[in-house]
Amino acid sequence: MTTGTTDPVPDGSPAEARTAPVPDPAGGRPVLPPHGRVRPLGLAQVSLSGGFWGGRQHANAAATPAHCEAWMERLGWLANFDRVADGTTSPDRPGWSFSDSEVYKLLEALAWETGRTGDPGAQAAIKRLTARIARAQDPDGYLNTCYGHGDQPPRYSDLEMGHELYNTGHLLQAAVARLRTAGEDDLVRVARRAADHVCRTFGEDGLRGICGHPEIEVGLAEFGRALGEERYVEQARLFLDRRGHGTLRDIPLGRAYFQDDIPIRQADAWRGHAVRALYLAAAAVDVAVDLGDAELLRAVERQWERSVARRTYITGGMGSRHQDEGFGEDWELPPDRAYCETCAGVASIMVSWRLHLATGDVRYTDLIERTLYNVIAASPSTDGTAFFYANPLHQRTPGKPAGPGEVSPRAEGGTRAAWFEVSCCPTNVARTLASLGGYLATTDDDGLQIHQYAPCAVRAELPDGRRVAVDVETGYPETGTIRVRVAAGTRSPWTLSLRVPAWADGATVTEDGGTRPVSPGMLAIRRSFRAGEVITLELPMRPRFTWPDPRIDAVRGCVAVERGPEVLCVEGLDLPAPGDLDALVVDPLSEPLPDAAGARVRGRLPARPDRPWAYAAAHPADAEGEWFDVPLRPYHGWARRGPTSMRVWLPVSASGTSS
Ligand SMILES: [Zn+2]
């Protein structure tokens, strides 16, 4: 635990000073609660310099926003705004009802980029896009390209699936990024008019509606924080309280699909559409913290606990069902039909980060690490112009590569695609990578906490004016050596806290000439520090077997291999013949061996003759076949060498021993 001193939720007291500086002197923070056990740092305080994440952030900045803007221009999603402005809307409007949100998520990514680097290209893109959006806003603040104009359906006539408020929520998040990185501008003014329209229309005396896709809540809450205006947070609370009472029409997937089946305070686990459930949970944490609602905070913690324990993949991926992109029941975690939408990974990080800021609990930043390496990092291609939407843990046949100019009609397929008909994931990856510096470290009254390890410079100030400045040097996760170099010495003591991941049994720390073992959790070192001194955390990176809970039926009898924070997988193209991946069994008594690319395990390929019926009276033999070293590589890198079959969970040989 950290040594924080502020209450996570002061009992019943409304948030006091909510005058977030505009723009944020910390360089912009995606989430800035007025209270919490720890405080987030901004993009000007934590700068990534190369390494695993710095490289990905650079590739993202160099290619992804321009890629997304070009696709949205080509498909007419941007021109939808022009049509509304020019009064030329028609029934053949291109894009789904939520295509506006992709423009807003792109704007959010661009805003974080300008905060991080001051990139003039990103600045110009923000101005260009904002001008087109602003023209489409109605005089009363309503802004949507799918409803309410010409022969389009009337405003708010399909709250279940129309995504109007969802779109507005993303507009507000983009405006928060802009406000905190650049201050008030046209985008912020557009967002304020839109937010005021929502409050007028859906306030206490207005329509008692909610949006089928939560997002307006999390957008309103942070917008209220950024402007220091509590009425937006209140509106978010109102939306949260209205949900779960059958407020929306029932649909074939059931009201659990949009979390309108049970009030959020009463739910025990996340259910229904995963991104919806998680955006709602993120908003609930915001509202709980701002309004001093400890019961609501505890409800989200309880849902996190049950869902992480029973409804989450080893990758951190969430969502077991394709039909509704949703959570399954407890233990329903099939690897081949795993949905694990990239956006659900983004949303899971949003929830865990908010819970961590409120409580300081390291389990949340542990899950963030798992999700970053095994969901977020898996999605984008190396050059940032193609993406995984679904992230299954088992691909039975190699996918068909989508052409670079093709819109992929479906979320699954085993290859990264340049764009999708439903293209929520690319812009979600873009905004997350652009703001990643904001998720690496925090401060409290007495020091600095480093949660995620990447080469970076951290420069922060504690509330009493003490400056904390360190540089992190590491090749993590390829190596487990993390050097934290103190950049500025201090006479007065402060506490440097380093997260030791839950998997890191056998970690050590070296400081002041001595080395000692450290346990998983938060390692806290409180003293004065000399400029230039180095504290070295050594995490054990030897690959290891990981066994599933036997109640996860779909992978009973299988084992996975992990190395550090990375889940590894076997790719079919590394085996002698296509189809071998179906027969592969591994020796559970051998130990995975380190390998430059990942790891090796002892495996063999028993003969699996085709039969007319796949079931037999006797347990099939698997003692045949020579043992050989099966190569494994990080899951996040799968299919980068071309289409391939792949699996994370490896069946163990029933007769296999290390003899
Ligand atoms: Zn998505």
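Biologist: In which loop is P477 found?

Modeller: This is a predicted model, in which local features need pLDDT of at least 70, side-chain atom pairs count only at pLDDT 80 or more, and totals for chains, interfaces and linings use all residues. Residues are numbered from 1 along each chain as its sequence is written, and side-chain values use heavy atoms, leaving out hydrogens and water. Helices (H or I, at least four residues) and strands (E, at least two) are DSSP runs numbered from the N terminus. P477 is found in the loop between β9 (467–474) and β10 (481–486).

Biologist: Is the peptide bond from Y476 to P477 cis or trans?

Modeller: Most peptide bonds are trans. The bond from Y476 to P477, however, has an omega near 5°. The form of this bond is therefore cis.

Biologist: What is the relative accessible area of Y156?

Modeller: Y156 has its place in the loop between α4 (120–135) and α5 (164–182). Its phi is positive, about 55°, although Y156 is not a glycine. Y156 is buried (under 20% relative accessible area with a 1.4 Å probe, protein chains only; exposed is over 50%, and partly exposed lies in between). Its relative accessible area is 14%.

Biologist: What positive phi does E325 have?

Modeller: E325 lies in the loop between α10 (294–310) and α11 (342–359). E325 is buried, because its relative accessible area is 18%. Although E325 is not a glycine, it has a positive phi of about 50°.

Biologist: Which residues does S492 touch, not counting residues up to four places away in sequence?

Modeller: S492 lies in the loop between β10 and β11 (494–500). With a relative accessible area of 31%, S492 is partly exposed. With contact taken as heavy atoms within 4.5 Å, and sequence positions up to four places away not counted, S492 touches R466 and S528.

Biologist: What distance separates the C-alpha atoms of S492 and A288?

Modeller: Along the chain, S492 and A288 are 204 residues apart. In space, their C-alpha atoms are separated by 35 Å.

Biologist: How far apart are the end C-alpha atoms of helix α8?

Modeller: Helix α8 covers residues 230–242, which is 13 residues. The expected span is 1.5 Å times one less than the number of residues, so α8 should span 18 Å. That agrees with the separation of its end C-alpha atoms, which is 19 Å.

Biologist: Which elements are included in what covers the buried residues of α8?

Modeller: The buried residues of α8 are Y232, V233, Q235, A236, L238, F239, L240 and R242. Just after this helix, G244 takes a positive phi of about 95°. The cover over the buried residues includes α5, α6 (186–202), α7 (216–227) and α9 (274–291).

Biologist: Which residues coordinate the zinc ion?

Modeller: Donors are N, O and S atoms within 2.8 Å of the metal (3.2 Å for Na, K and Ca), and sites may look incomplete because water is not among the atoms. Here the donors lie at 2.1 to 2.3 Å, and their residues are spaced E-x1-C-x80-C-C in sequence. One OE atom and three SG atoms take part, from E341, C343, C424 and C425.

Biologist: What is the geometry of the site of the zinc ion?

Modeller: Among the donor residues, both E341 and C343 are buried. The angles among the four donor atoms are 92 to 122°. Four donors count as tetrahedral if all angles lie between 85 and 135 degrees, so the site of the zinc ion is tetrahedral.

Definitions and conventions:
Tetrahedral: all angles 85-135°; square planar, octahedral: opposite > 155°, others 65-115°.
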